[in-house]
Amino acid sequence: MLKISNLHVQLEEEDKVILKGVDLEVPAGEVHAIMGPNGSGKSTLSYVLSGRDGYEVTAGTATLDGEELLGLEPEERAAAGLFLAFQYPVEIPGVGNLTFLRTALNAQRKARGEEELNAAEFLKIVRAKAKALDIDAEMLKRPVNVGFSGGEKKRNEILQMAVLEPRMCILDETDSGLDVDAMKLVSAGVNALRSPDRAFLVITHYQRLLDHIVPDVVHIMADGRIVHSGGPELALEVENNGYADILKSAGERVA
Amino acid sequence: MAVPALKLDAAGGLLAAWPEPAGEAQWARAARSQAERWLRERGAPARRDEYWRYTDPTSLTVEPAPEAALLATDEVPVFQTRETHRLVFVDGVFSPEASTPLEIAGVEIVPLREALAADIHWVRDIFGQIEAAGQVPVERPLAALNTARAVEGCAIRVTGVASRPIHFVYRRAAADADALIHHVIRLDAGADLTVLESAAGAARLNTVMEVEIADRAALHHVRTQGRDHQRRAVTGLFARLATESRLKSFTLTVNGRLTRNEAFVEMRGDNASAHVAGACVGDGDFHHDDTVFVTHAAVGCESRQVFKKVLRGSAVGVFQGKILVRPVAQQTDGYQISQALLLDEAAQFLAKPELEIYADDVKCSHGSTSGAVDETSLFYLTSRGIPKKTAEELLILAFLDEAIAEVEDEGLADELRDRLAAWLARRR
């Protein structure tokens with residue numbers, strides 16, 4: 001589903017190379033995790049895939065079901081089925097959460113040539129999905145993420161994902177700032193969305209999220225590359241021993 | 001310091017352009033000549049004046065008024081969907097045929113011309129008086145012109161809770177119309193009234209609204225200034241508030257070559273509350289100036305000034321806002337915010353926030369900012385599939401909402417939001 005080949009990215013503003021040839025393929029129905037030390041390029045990868053400004057792709061490709069993503073605007077990528085759950089969800093005072101969600105959903109439907117939903121149809125869908133994430137009517141009415149706790153913000157991200165039903169979901173450190181209960185809620189929300197025609201890329205520092213969202217494949221990223229891939233046990237290895245050993249042996253293999 | 005001859009000449013020119021009102025009561029004549037004398041002595045506004053540095057008054061003082069093309073639109077006029085008492089002015093002239101009959105329960109409405117010819121004590125106590133009090137310390141020569149010459153407008157007295165809003169509709173017919181409109185509004189103790197104003201009114205519109213709000217009374221004022229691109233307007237809201245009374249004034253301005261909205265609000269009774277707010281959206285040949293002066297002259301009063309401007313092209317926004325706290329005004333709560341969203345490099349925002357405080361037990365805050373649309377927010381919205389233009393509009397509406405939220409009536413506030421959304425979408 002998602003195929004990244006030889007992706008090289010640097011910052012636009014300064015001459016700093018962040019991604020140095022990322023190769024990654026996430027087939028439909030699978031959950032892949034990316035782990036790696038700070039500064040290895042994990043978040044950059046998620047931003048580049050979703051189309052944030054400020055990055056320059058100097059080489060490589062990234063396709064979603066064969067369609068090249070990198071030339072598209074963020075909204076076109078979203079309509080194509082890509083979704084990024086933000087590490088730091090943005091607070092937008094003055095824009096109601098429901099207005100935001102409905103505008104987004106209908107914009108995507110329109111872009112795909114589907115009928116837009118009216119207010120009643122939309123509300124019905126949102127209420128059901130919000131309930132599963134323990135998001136009450138009050139939270140839906142408030143401005144987007146304004147005054148939300150860390151856990152509420154992350155649950156709101158998953159709600160957006162559940163409503164927009166993207167095919168390719170990228171979760172950028174969704175576990176950061178979550179307590180155990182919130183992590184369970186969020187994980188259950190993600191797991192409920194797992195399906196044969198949907199794929200996930202879960203970026204995380206810690207193995208504990210992967211206890212709840214069990215990945216098919218774990219990738220280790222370091223210095224702008226995927227240096228090692230393996231099964232779920234790789235996450236456990238990182239948790240117990242840190243990155244040093246893995247990076248060292250990966251370095252030897254690369255050499 | 002001698003007043004420059006140019007200012008005096010311009011004042012003479014403005015006064016000469018309008019016939020001297022005739023057949024009025026002695027008290028009305030006295031108020032007129034007081035205003036005329038003031039204007040002749042102080043002169044018309046000029047760029048060198050302290051409060052006209054950011055706004056060139058030339059097109060407001062030149063005779064004849066510059067022409068302004070009429071707006072061609074098939075849009076349903078604002079506030080038409082609700083039940084209001086409509087008072088229609090065409091190019092600044094009251095049109096009884098187009099208006100609702102003047103009878104309304106709990107409200108007395110008299111055309112200004114009639115009110116000034118009769119002996120109506122409550123009009124006498126207000127007409128030209130609140131405006132004159134508002135000339136110090138900041139001169140408002142164009143309001144003085146209005147008091148000296150305006151014969152159009154209404155005198156309104158509310159004794160209870162008005163059953164419907166009063167809606168002043170300012171229609172345009174001629175491309176070169178110059179108009180003076182003067183309203184006198186008196187709210188008796190405990191009264192409650194909503195006053196709506198809509199549309200551009202004239203090529204050059206000069207309005208004054210003098211308002212006396214007695215104990216525990218409340219005035220809600222909601223105004224939209226039309227969408228005409230070339231019109232000019234100078235408005236003056238002069239309000240005096242008694243104990244526990246409330247004023248809420250909000251103005252929405254979209255387009256217009258030049259707008260100067262002045263407000264002078266004095267809280268004279270304890271625990272009064274005054275909110276003056278404005279939202280404006282302009283592109284290109286657009287100059288919008290809010291000049292607001294709020295005086296706390298009693299104990300425990302609260303005031304808010306909230307002004308938001310969205311500017312594009314060479315559009316210019318100006319905010320001059322002052323909170324004056326007199327020595328007697330302990331436990332004052334004053335707040336002032338002015339913000340501009342600059343959609344490109346050519347747009348400009350000039351702000352002069354002022355606090356002048358002579359009491360010691362006072363809470364006053366003010367802030368003024370200008371900036372571009374937040375890129376992070378824009379990315380967040382677009383990453384959810386919202387097209388960039390729509391996302392930008394959402395953020396613009398969100399930015400303006402703190403001002404619109406000052407409109408207490410949710411139905412009115414929502415109509416303003418819907419209008420704005422539709423008008424912004426037209427620009428795509």
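User: What should be known about UniProt positions before the domain of chain A is read?
Analyst: UniProt positions are given in the numbering used here, feature names are shortened, and annotations may be inferred rather than shown by experiment. The unreviewed UniProt entry places "domain: ABC transporter" at residues 2-248 of chain A. This is a predicted model, in which local features need pLDDT of at least 70 and side-chain atom pairs count only at pLDDT 80 or more, while totals for chains, interfaces and linings use all residues. Residues are numbered from 1 along each chain as its sequence is written, chains are lettered from A and ligands numbered from 1 in the order in which they are written, and side-chain values use heavy atoms, with hydrogens and water left out.

User: How do you know that chain B and chain A are in contact?
Analyst: Contact means heavy atoms within 4.5 Å. By that criterion, 17 residues of chain B are in contact with 30 residues of chain A. Among these, B:Phe379, B:Tyr380 and B:Arg384 supply 45% of the area that chain B buries against chain A, more than any other three residues.

User: What makes the pair B:Arg384 and A:Glu157 a salt bridge?
Analyst: A salt bridge is a side-chain nitrogen of Lys or Arg within 4 Å of a carboxyl oxygen of Asp or Glu. The side chains of B:Arg384 and A:Glu157 meet at 2.7 Å, N to O, and the pair therefore satisfies the rule. Across this interface the rule finds one salt bridge.

User: Why is B:Glu406 called buried?
Analyst: Buried means under 20% relative accessible area, exposed over 50%, and partly exposed in between (1.4 Å probe, protein chains only). B:Glu406 has a relative accessible area of 8%, so this residue is buried. Its salt-bridge partner B:Lys248 is likewise buried, at 15%. The closest N and O atoms of the pair are 3.8 Å apart.

User: Why is A:Glu165 called partly exposed?
Analyst: The relative accessible area of A:Glu165 is 48%, so the residue counts as partly exposed. A:Lys129, with which A:Glu165 forms a salt bridge at 3.3 Å, is also partly exposed, at 23%.

User: What does the salt bridge of B:Lys322 and B:Glu356 tie together, and why?
Analyst: The side chains of B:Lys322 and B:Glu356 meet at 2.4 Å, N to O. B:Lys322 lies in strand S16 and B:Glu356 in strand S18 of chain B, so the pair ties together parts that are 34 residues apart in sequence. Strands are DSSP runs (E, at least two residues), numbered from the N terminus. B:Lys322 is buried, at 9%, whereas B:Glu356 is partly exposed, at 25%.

Conventions. Buried area = accessible area lost by both parts, 1.4 Å probe. Helix = DSSP H or I, 4+ residues; strand = E, 2+ residues; numbered from the N terminus.
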